[in-house]
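These are my notebook entries on one protein model. I set out to record what I looked up, topic by topic.

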Amino acid sequence: MRITMVGTGYVGLVTGTCLSNTGNDVTCLDVDPAKIEKLNRGESPIYEPGLDELLERNKAAGRLAFTLDKAAAYGPAEVIFICVGTPSDEQGRADLKYVLAAARDIGDAIESAEGPTGLGASDKAKIVIVKSTVPVGTNAKVRAEIASRTSKPFHMASNPEFLKEGAAINDFNKPDRVVLGVDSEDAGSRLRDLYAPFVRQGNPIFTMDIPSAEMVKYASNAMLATKISFINEIAGLCELYGADVDEVRRGMCADARIGNKFLYPGLGYGGSCFPKDVLACISMGDEVNRPTDLLAAVHKVNQDQRIRFLEKVDAHFGSGSGPADLSGMRIGVWGIAFKPGTDDIREAPSITLMKALLERGAEVVAHDPVAFETCRGVMGDSITYAGGMLDVVEGADALLVCTDWDEYKHPDFGAIRAKMRAPVVFDGRNLYRPASMREAGFVYHSVGREAVT
Ligand code: NAD
């Protein structure tokens, strides 16, 4: 199948590469010349484990190409996946400007391409698929935008993406499920064919109407975000009542109805999806005068979680209530990415915390295995980037753990203690046991567990 991916971000690039890997002829289009230049040099603009090798192999086989040329990308495509960003606007709604701009380009391209459907002599209509996460009703807007530019027939489909950054290749190649919202049996059957190689182990392809497919993605992300805020709320109670959230988790998660996934307390969710998708869901409710009280609380708990963690730092260094004066102090940070396995720092708790530490006068030294360049784009030279994780603790007055990368899970605390000016650890990911930290001579604060003071 001839496929065009619109947008070479985390979703477009991974899904385009994986679709080329099953023999499709894939063109990835972007409007960012720097990204396309990099891809044409054989370099990936994002960090995603396993992606480089797949890119190289499929590019070399002539099945995967990258371009800025819209007419060349859209003209011959039988299937077009819109994978552009849908960030929050100022009111928290999903900003559809990139999606609608792509729709206009597609309408123009269909109109100017040859043949009754814009596919030469073929009478098969192109399928335009919205893969970006969008509010219910967006496919209808995209359809209207395209139809305002061409009278040739085309199909619309919604195919939300569920991949996780850091495990994206495996998630796309072996999805728990594929969701297809379609407007015709023809589009449904062509898309089921396209996905057939990815569900050979029997995982389901759900074909449904377009609004339901659009809603599945928001409902899924809202549910996952709710789990995180739920356990963080319980962790807050544990701290105040002297319970240990790790024990509580274990006891509670043994109930099969609850399950043991995605119930880890910490600094709250970040990243390019949960925060904006929860806000977009809240806006969807507001727009039809049906407040989504639960989701509003999920969002509030999440934002408060970072503040509460910071309050632990303030309480340790300060003289009473309010922000502590950290002038002259050096604070080390382990982990910048919003989660391990990615260089994505969008809405990362680490960024909120580092900015707050700088405002309090601290010198911040941070380490992350991969998220240096993305961080520099936001924090510039306001912080120091350490080459190694132990450089961070050299002369530090405290260490903050913000991301649970594997390499932070079992460090040499003897060596760390010897390097630090004061042995103080604020662990936003509950990586260590309070008892072990006491034994190792640390002041230790984590989330929902006893503080070692
Ligand atoms: P991203 O910001 O990494 O990439 C978007 C790309 O689209 C950019 O490279 C941008 O230059 C390009 N673009 C913008 N307008 C364009 C146009 N008119 N033509 C061609 N390219 C254009 O975004 P992402 O993280 O890949 O997310 C894309 C969508 O997928 C979002 O709606 C997101 O919510 C959803 N999603 C993301 C993830 C994830 O883990 N990142 C997972 C599932 C779904």
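**Entry 1. The six-stranded sheet**

I began with strand β10, residues 363-367, and found that β10 pairs with β11 in the parallel sense over two bridges. I noted that the model is a predicted one. Within this pairing I looked up V365, whose bridge partner in β11 is T384.

I then placed the pair in its sheet. Six strands form an open sheet here, and their order is β11-β10-β9-β12-β13-β14. The pairing in this sheet is parallel. I asked which strands stand at the edges. They are β11 (384-385) and β14 (443-445); each has a single partner strand, so one side of each is left without a neighbour in the sheet. As a reminder to myself, I wrote that strands of a sheet pair through backbone hydrogen bonds, either parallel or antiparallel.

**Entry 2. The eight-stranded sheet**

I turned next to the other sheet in my notes. Eight strands form an open sheet in the order β3-β2-β1-β4-β5-β6-β7-β8, and the pairing is mixed. Its edge strands are β3, residues 64-67, and β8, residues 205-208, and each of them pairs on one side only. I also recorded the turn between neighbouring strands of this sheet, which is 25 degrees on average, direction ignored.

At one edge I followed β2, residues 25-29, which pairs with β3 in the parallel sense over four bridges. Here V26 has L64 of β3 as its bridge partner.

I then looked up what lies across these strands. Helix α1, residues 10-21, lies across β1 (2-6), β2, β3 and β4 (79-82). The helix runs at about 165 degrees to β2.

**Entry 3. Strand β6**

I asked how many residues of strand β6 are buried. Five of the five residues in β6 (154-158) are buried, so this strand is largely enclosed by the rest of the structure. The side chains fall into two groups: F154, M156 and S158 point one way from β6, while H155 and A157 point the other way. Both groups are buried.

I checked one pairing of this strand as well. Strand β5, residues 126-130, runs parallel to β6, and five bridges join the two. I127 has H155 of β6 as its bridge partner.

**Entry 4. The surroundings of the ligand**

I asked which residues come nearest to the ligand. There are 26 residues around the ligand, and of these G7, G9, V11, S132 and T133 come nearest. The helices α1 and α5 (97-112) each supply at least two residues of this shell. Sorted by class, I counted 12 nonpolar, nine polar and five charged residues in the shell.

**Entry 5. Two residues with positive phi**

I looked up N289, which has a positive phi of about 60 degrees although it is not a glycine. N289 lies in the loop between α11 (274-287) and α12 (293-317). Is N289 buried or exposed? N289 is exposed, because 6 other C-beta atoms lie within 10 Å of its own, and a residue counts as exposed at 12 or fewer.

I also noted E347, another residue other than glycine, with a positive phi near 55 degrees. The place of E347 is in the loop between β9 (330-334) and α13 (349-359). E347 counts as partly exposed, because it has 19 C-beta neighbours inside 10 Å, and a buried residue needs 20 or more.

**Entry 6. The loop residue R421**

I found R421 in the loop between α15 (413-419) and β13 (424-427). R421 is partly exposed, with 13 other C-beta atoms within 10 Å. Leaving aside its neighbours within four places in sequence, I listed its contacts as G395, A396 and D397. I also looked up V393, which is 28 residues from R421 in sequence and 8.4 Å from it in space, C-alpha to C-alpha.

**Entry 7. The protein as a whole**

Finally, I recorded the overall values. The secondary structure comes to 16 helices and 14 strands. The C-alpha atoms fill a box of roughly 75 × 50 × 40 Å, taken along the principal axes. The radius of gyration is 24 Å, which agrees with the value near 22 Å for a compact globule of 453 residues. Buried residues make up 45% of the 453 residues. Among contacts between residues at least 6 apart in sequence, 70% join residues at least 24 apart.

Key. Residues are numbered from 1 along each chain as its sequence is written. This is a predicted model: local features need pLDDT of at least 70, side-chain atom pairs count only at pLDDT 80 or more; totals for chains, interfaces and linings use all residues. Two strands pair if DSSP finds at least two bridges between them. Axes are lines fitted to C-alpha atoms, for helices over the stretch in contact, and angles run from 0 to 180 degrees between N-to-C directions. Two residues are in contact if their C-beta atoms, placed from the backbone, lie within 7 Å. A residue is near a molecule or strand if its C-beta atom, placed from the backbone, lies within 6 Å of it. Ala, Val, Leu, Ile, Met, Phe, Trp, Tyr, Cys and Pro count as nonpolar, Asp, Glu, Lys and Arg as charged, and the others, Gly among them, as polar. The radius of gyration is taken over C-alpha atoms; the globule rule is 2.2 Å times the number of residues to the power 0.38.
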